[in-house]
Amino acid sequence: MFWVMLAIAAGFLGLAVLGVMAVKVFVEAQRLARQVTETTQQINRAAEDLEKAAAGVARAGREAL
């Protein structure tokens, strides 16, 4: 009877550990998604700034001719 109870306790403990790990993975995936979103916004802002700067350089080049 002892071995049966020990097996049940070990099984429950294993499921509990898997549940904790699943929560940790979920939290880290959410954090990664927020970082990806923030980085994408920064890249878009930098691309817009680069586009504005390129337009200014092209305009200055035309005026120099």
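## Exercises on a one-helix chain

Let's start at the surface: the protein chain exposes about 6000 Å², and carbon and sulfur atoms supply 71% of that area (Shrake-Rupley method, 1.4 Å probe). The model is predicted, so to speak of local features takes pLDDT of at least 70 and side-chain atom pairs count only at pLDDT 80 or more, while totals for chains, interfaces and linings use all residues. Residues are numbered from 1 along each chain as its sequence is written, and side-chain values use heavy atoms, leaving out hydrogens and water.

**Exercise 1.** Describe the overall form of the protein chain.

*Solution.*
- Step 1: take the secondary structure, which comes to one helix and zero strands (DSSP runs; a helix is H or I with at least four residues, a strand is E with at least two).
- Step 2: look at the box filled by the C-alpha atoms, roughly 95 × 10 × 5 Å along the principal axes.
- Step 3: check the radius of gyration, 28 Å, against the value near 11 Å for a compact globule of 65 residues (taken over C-alpha atoms; the globule rule is 2.2 Å times the number of residues to the power 0.38).

**Exercise 2.** Place glutamate 28 in this picture.

*Solution.*
- Step 1: find glutamate 28 in helix H1, residues 2-64.
- Step 2: glutamate 28 counts as partly exposed because its relative accessibility is 41% (buried is under 20%, exposed over 50%, partly exposed in between, with a 1.4 Å probe and protein chains only).
- Step 3: follow the chain 32 residues from glutamate 28 to alanine 60, where the C-alpha atoms are separated by 48 Å.
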